[in-house]
Amino acid sequence: MLMENRIHLELRNKTPSEVRELVLDNCRTENGNTEGLTDEFVNLVFLSLIDVGLLSISNIPRLEKLKKLELSDNKISGGLEVLAQKLPNLTHLSLSGNKLKELSTLEPLKKLKHLKSLDLFNCEVTYMSDYKDSVFKLLPQLTYLDGYDCEDKEASDSDVEVDGDGVDDDDDDDDEEGEGEDEEDEDGEDDDLDEEDEDEEDEEEVEGEEDDEEVSGEDEEEDYGLDGEVDDEEEDVEDAVAAGKGEKRKREDEDEYDVWDDEEDD
């Protein structure tokens, strides 16, 4: 696939300014240059052009935000001065497997003030005596050469790798997960509190109903008791009245009998 077509495919309906990472490995160029790659990729941070048949990087666009450039396994033999001109903030550069033979071809890299890591694996320049010391002396801004520092300490992954944002994504993911967990915990606590409040309200309602029932029962008992007492008193009064009437009638009968006796005697 040609580089221009590959770029169009990688865009995936995005504009060049929205792209931060662009991987064009193993595609092909027509003239050994970076066809289709323009300065519209203003936010590009990572660019990979591994094994694309590059003979020159002279027409690479100006990409001021680019941090990492992969140019491994091409046919570049010089012209590295364009890197400092168009990629001023480059920190990681891989030229492994290219046709770099002389130490002098690396001199233009002096102007890359932010360059920290340089890879030259399988380049002929690595066969020269005192290669490592010579390169560190030529490029004092370097921290790592071919994955090792000047004391032969291997670079850590965080020093070698640069992602699209220039920031460790894992940390961001951890932070998001932590926030998510905190939010879930807070929501869970809120739910628990709400449930507890609802339970307390239910208990209060039940207790209130029980109290009302007890009060109602007491009132009914009192009313019943009063009614019973009143009924008993009324019965006593009626009995007394009836008894009085009986006495009165008895007395009247006796008086009437006495009158008859008196008449007979006369």
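Student: Why does Glu10 count as partly exposed?

Tutor: Glu10 has a relative accessibility of 25%. Buried means under 20% and exposed means over 50%, with partly exposed in between, so 25% puts Glu10 in the middle class. Keep in mind that this is a predicted model.

Student: And what makes Arg6 buried?

Tutor: Arg6 comes out at 17% relative accessibility. The cut-off for buried is under 20%, so Arg6 counts as buried.

Student: How do you know that Glu10 and Arg6 form a salt bridge?

Tutor: Their side chains come to 3.2 Å, N to O. A salt bridge needs a side-chain nitrogen of Lys or Arg within 4 Å of a carboxyl oxygen of Asp or Glu, so the pair of Glu10 and Arg6 passes.

Student: Why are Glu10 and Arg6 separated by about one helical turn?

Tutor: Because both sit in helix α1, residues 3-11, at 4 residues apart.

Student: What lets two such side chains pair in the first place?

Tutor: Side chains of opposite charge can pair when their charged atoms come close.

Student: How many salt bridges does the whole structure have?

Tutor: A search turns up 5. One of them joins Glu70 and Lys68, at 3.8 Å from N to O. With the limit at 4 Å, that pair still counts as a salt bridge. Glu70 and Lys68 are both buried.

Student: What makes Asp152 and Lys132 a salt bridge?

Tutor: The closest N and O atoms of Asp152 and Lys132 are 2.0 Å apart, and the limit is 4 Å, so this pair qualifies.

Student: Why can you say that the pair of Asp152 and Lys132 ties parts of the chain together?

Tutor: Asp152 lies in the loop between β6 and α4 (157-160), while Lys132 belongs to helix α3, so the pair links parts that are 20 residues apart in sequence.

Student: Which of the two, Asp152 or Lys132, is exposed, and which is partly exposed?

Tutor: Asp152 has a relative accessible area of 55%, and exposed means over 50%, so Asp152 is exposed. Lys132 has 22%, which falls in between 20% and 50%, so Lys132 is partly exposed.

Student: Which residues of helix α3 are buried?

Tutor: Tyr131, Ser134, Val135, Phe136 and Leu138. Their cover includes β5 (117-119) and β6 (144-145).

Student: What about Asp133: buried or exposed?

Tutor: Asp133 also has its place in α3, residues 131-138. Its relative accessible area is 56%, and the line for exposed is over 50%, so Asp133 is exposed. Asp133 and Leu145 are 12 residues apart in sequence and 10.0 Å apart in space, C-alpha to C-alpha.

Student: What is notable about the phi of Asp130?

Tutor: Asp130 has a positive phi of about 55 degrees, although it is not a glycine. Asp130 is in the loop between β5 and α3. With a relative accessible area of 56%, against the over-50% mark, Asp130 is exposed.

Student: And what is the phi of Asp51?

Tutor: Positive too, at about 55 degrees, and Asp51 is not a glycine either. Asp51 lies in the loop between β2 (46-48) and β3 (68-70). Its 29% relative accessible area sits between 20% and 50%, so Asp51 is partly exposed.

Student: Why is Asn33 called partly exposed?

Tutor: Asn33 has 21% relative accessible area. Buried needs under 20%, so Asn33 misses that class and is partly exposed. Asn33 is in the loop between β1 (21-23) and β2.

Student: Which residues does Asn33 touch, leaving out those up to four places away in sequence?

Tutor: Met3, Leu54, Ser56, Ser58 and Asn59. Asn33 and Leu55 are 22 residues apart in sequence, yet 6.6 Å apart in space, C-alpha to C-alpha.

Student: Which residues gather in the surface patch of positive charge, and what makes them positive?

Tutor: Arg28, Lys75, Lys99 and Lys101. Lys and Arg count as positive, so each of these adds to the charge of the patch. Lys101 is in the loop between β4 (92-94) and β5.

Student: How much of the chain is buried overall?

Tutor: Of the 266 residues, 29% are buried. The chain holds 5 helices and 6 strands.

Key: Residues numbered from 1 in each chain as written. Predicted model: local features only at pLDDT ≥ 70, side-chain atom pairs only at ≥ 80, totals over all residues. Heavy atoms only, no water. Patch = residues over 30% accessible without salt bridge, like charges linked within 9 Å, V, L, I, M, F, W, Y side chains within 5 Å. Areas by Shrake-Rupley, 256 points an atom, 1.4 Å probe, with all protein chains shown as cover. Charge placed at Lys NZ, Arg CZ, Asp CG, Glu CD. Helix = DSSP H or I, 4+ residues; strand = E, 2+ residues; numbered from the N terminus. Buried < 20%, exposed > 50% of the residue type's maximum accessible area, 1.4 Å probe, protein only. Contact = heavy atoms within 4.5 Å.
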